[in-house]
Each structure stands twice: as C-alpha cells, then as structure tokens.
Amino acid sequence: AIGTTGTTADRHGFSLSGGWKPAEAGLIPSISTGWSYANPVDDGSDDTINSWYAGLEWSDVFVAGNSFGGAVGSAPHFNDEKSNTMWELFYSFSVTDNITVTPSIFGIDEGGETDDMFGGIVKTTFTF
C-alpha cells in the first residue's frame, strides 16, 4: 500500500549520525548522536517519520576498563503522533579478562497517553 497512513512502505529515508571520543579517559565523555527522517514517495501525503538520539559515555570510571554512560532519544514516530522519549543508564565492568557485566536501567515516557515504562537488564559478555 503506497502512502497509507500508519505504514512505512515506499519511503525515502535519510539518517545522519556521528560520534567523538576524547584522546584520554577523564571527565570529558565520548559523545554520539543521530537523527533519522523518512518521507513518503510520491503519494501526496505528509506522513514523515522522525527519530533521534544522543549519548554520553565515560571510560575508565572507578577502574580502568570500566565505563558509565547514558542515552536519551525518541523511537521512530509519524509527525502527527506524539513522540515518546526513551532513556537508558548503564555501568559496564570487567569481572575477568574475558567476562564483562553491564547492568542497565531504562525508561520510556509515552507523552502522557499511556503508562510510562521502566525496566532493567543485566548483559553478560563472554570474550574468547
């Protein structure tokens, strides 16, 4: 279906993202950000889709090799819809040379239309 409201079919999309990392770990974090846009192809509607994010990460927090960071952003949404705001905070630490554990908390603010969401996760990475 070309151009029906609420679909993502037949669109041209554009994204722009970037990041920067300081030469040395310290008080200045690495920064990443991005923005995406998609518009319908020749159907006469204005059902554009937007999303964005920004994140900060500090290296060598408390112990060399550990990091702390967070991000905020919006999931893809149509221009005529209220955007949601999502956020995340994490701390990544090395248990051994081969095992890293990253506990994280996150939330989604639906803009007052539905209940906000809140959760947590623990990711364990094994490197061999």
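**An all-strand chain and its open sheet**

The secondary structure of the protein chain amounts to zero helices and seven strands. The model described here is a predicted one. Following the sequence from start to end gives the pattern β-β-β-β-β-β-β. The chain has 128 residues, and 24% of these count as buried. Its accessible surface is about 8600 Å², with 60% of that area belonging to carbon and sulfur atoms. When contacts between residues at least 6 apart in sequence are considered, 35% of them join residues at least 24 apart.

The seven strands are arranged in an open sheet with the order β1-β2-β3-β4-β5-β6-β7 and antiparallel pairing. At its edges are β1 (11–20) and β7 (117–126), each of which pairs on one side only. From one strand to the next, the twist averages 15°. Readers with the structure in view may like to walk across the sheet from β1.

The edge strand β1 is hardly covered, since one buried residue is counted among its 10 residues. Its pairing with β2 is antiparallel and extends over 10 bridges. Within this pair, Ser-17 has Gly-34 of β2 as its bridge partner. The next step leads from β2 (residues 30–40) to β3, an antiparallel pair joined by nine bridges. Here Ser-32 stands opposite Gly-55 of β3.

On the other side of this pairing, β3 and β4 run antiparallel and are joined by 10 bridges. One of the facing pairs is Ser-59, which stands opposite Ser-67 in β4. Further on, β4 and β5 are also antiparallel, with seven bridges between them. In this pair, Phe-68 is found opposite Tyr-91 of β5.

The beginning of β3 deserves a closer look. Ile-49 belongs to this strand, which covers residues 49–59. Is Ile-49 buried or exposed? With a relative accessible area of 11%, Ile-49 is buried, because the limit for a buried residue is under 20%. A distant part of the sequence comes into view here too: Ile-49 and Asn-79 are 30 residues apart in sequence, yet their C-alpha atoms are 6.1 Å apart in space.

Asn-50 is likewise placed in strand β3. At 16% relative accessibility, Asn-50 counts as buried, because this value also lies under the 20% limit. Which residues does Asn-50 contact, leaving aside its neighbours within four places in sequence? The contacts of Asn-50 are with Trp-35, Ser-36, Tyr-37, Ala-75, Pro-76, His-77 and Asn-79. Asn-79 thus appears in this set of contacts as well as in the 6.1 Å C-alpha pair with Ile-49.

The loop between β3 and β4 offers two backbone details. Asp-60 lies in this loop, and its phi is near 55°, a positive value in a residue other than glycine. Asp-60 has a relative accessibility of 40% and counts as partly exposed, because partly exposed residues fall between the 20% and 50% limits. Phe-62 is also in the loop between β3 and β4. The phi of Phe-62 is near 70°, again positive in a residue other than glycine. What is the relative accessibility of Phe-62? The value is 78%, so Phe-62 counts as exposed, for which the limit is over 50%.

Beyond the loop, the surface carries a nonpolar patch of about 880 Å². Its members are Leu-16, Trp-35, Trp-52, Phe-68, Val-72, Trp-87, Leu-89, Ile-105 and Phe-118. Which strands each supply at least two residues of the nonpolar patch? These are β4 (67–78) and β5 (85–94). In regular strands, side chains alternate between the two faces of the sheet.

Phe-68 brings several of these features together. This residue lies in strand β4, stands opposite Tyr-91 in β5 and is one of the residues that make the nonpolar patch. At 33% relative accessibility, Phe-68 counts as partly exposed. Trp-35 provides another link between two parts of the description: this residue is in contact with Asn-50 and is also a member of the nonpolar patch.

Notes: Residues are numbered from 1 along each chain as its sequence is written. This is a predicted model: local features need pLDDT of at least 70, side-chain atom pairs count only at pLDDT 80 or more; totals for chains, interfaces and linings use all residues. Side-chain values use heavy atoms; hydrogens and water are left out. Helices (H or I, at least four residues) and strands (E, at least two) are DSSP runs, numbered from the N terminus. Buried means under 20% relative accessible area, exposed over 50%, partly exposed in between (1.4 Å probe, protein chains only). Contact means heavy atoms within 4.5 Å. Accessible areas come from the Shrake-Rupley method with a 1.4 Å probe; for residues, only the protein chains shown count as cover. Patches are made of residues with over 30% relative accessible area and no salt bridge: like charges are joined within 9 Å, nonpolar side chains (Val, Leu, Ile, Met, Phe, Trp, Tyr) within 5 Å. A salt bridge is a side-chain nitrogen of Lys or Arg within 4 Å of a carboxyl oxygen of Asp or Glu. Two strands pair if DSSP finds at least two bridges between them. Axes are lines fitted to C-alpha atoms, for helices over the stretch in contact, and angles run from 0 to 180 degrees between N-to-C directions.
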